[in-house]
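Got the viewer open? Then come along for a walk through this model, one selection at a time.

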Amino acid sequence: MTKLILVRIACPSRRVAEDIADAALEGRVAACANLEGPVTSSYRWKGVIEQSFEFILWLKAPEANWSKLEKLAREHHPYDVPAIVAMPLSHVSEAYGAWAAENTEA
């Protein structure tokens, strides 16, 4: 079975998140996208504590597609240093894993 990752990307707007999701799905580098938000984010930027509203994009993808997803997200993301992180999925149902593999190109 294909090893899957869950990619989390903090986006400044719903539109940015939707653009990344659409590109990832159209390019078959991710099988599924979920969008949450807005959420409140707090972070230090250039020495100052900032707070903003962001949208969280979750992508499920083959682990082999991490580099493609990171590149794609950076191309569509306006931040200088976007938060793009991935977590391995330790357990995935057999049917979902098969579906994800069928709908992506690793």
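Which residues does S52 touch, not counting residues up to four places away in sequence? Select S52 and you'll find V39, T40, S41 and Y43 in contact with it, where contact means heavy atoms within 4.5 Å. S52 itself has its place in strand β3. Now pick H77 as well: it comes 25 residues from S52 along the chain, and the two C-alpha atoms are separated by 16 Å.

A quick word on what you're looking at. This is a predicted model, where local features need pLDDT of at least 70 and side-chain atom pairs count only at pLDDT 80 or more, while totals for chains, interfaces and linings use all residues. Residues are numbered from 1 along each chain as its sequence is written, and side-chain values use heavy atoms, with hydrogens and water left out. Helices (H or I, at least four residues) and strands (E, at least two) are DSSP runs, numbered from the N terminus.

**Into the core**

Next, select I9, I20, L57, L59 and L69. Of the 19 residues in the largest nonpolar core, these touch the most other members. Such a core is a set of buried Ala, Val, Leu, Ile, Met, Phe, Trp, Tyr and Cys residues joined through side-chain atoms within 4.5 Å. Buried means under 20% relative accessible area, exposed over 50%, and partly exposed in between (1.4 Å probe, protein chains only). Colour β1 (4-11), α1 (14-26), β3 (48-62) and α2 (66-76) to see the elements that give two or more residues to this core. The most come from α1, with 6 residues. In soluble globular proteins, nonpolar side chains tend to be buried together.

Stay with L69 for a moment. Leaving aside neighbours within four places in sequence, L69 is in contact with V7, A24, V29, A30, L59 and A61.

**Over to helix α3**

Select residues 94-102 to light up helix α3, where A101 lies. Why does A101 count as partly exposed? Because its relative accessibility is 33%. For a sense of distance, add V16: A101 and V16 are 85 residues apart in sequence and 26 Å apart in space, C-alpha to C-alpha.

In this same helix, α3, show the side chains of Y96 and W99, which sit 3 residues apart, about one turn of the helix. The structure holds 1 aromatic pair. Y96 and W99 form it, tilted, at 5.3 Å centre to centre with 40 degrees between the planes. Rings of Phe, Tyr and Trp (its six-membered ring) pair if their centres lie within 6.5 Å; planes under 30 degrees apart count as stacked, over 60 as edge-to-face and the rest as tilted. Y96 is partly exposed because its relative accessibility is 26%, and W99 is partly exposed at 34%.

**Backbone oddities**

Most residues other than glycine have a negative phi, and most peptide bonds are trans. With that in mind, zoom in on G37 and P38, joined by a cis peptide bond with omega of about 10 degrees. P38 lies in strand β2.

Now for R28, not a glycine, yet with a positive phi of about 60 degrees. Look for R28 in the loop between α1 and β2; it is partly exposed, at 29% relative accessible area.

Last stop: K46, in the loop between β2 and β3. K46 isn't a glycine either, but has a positive phi of about 55 degrees. Buried or exposed, where does K46 fall? K46 counts as exposed, because its relative accessibility is 69%.
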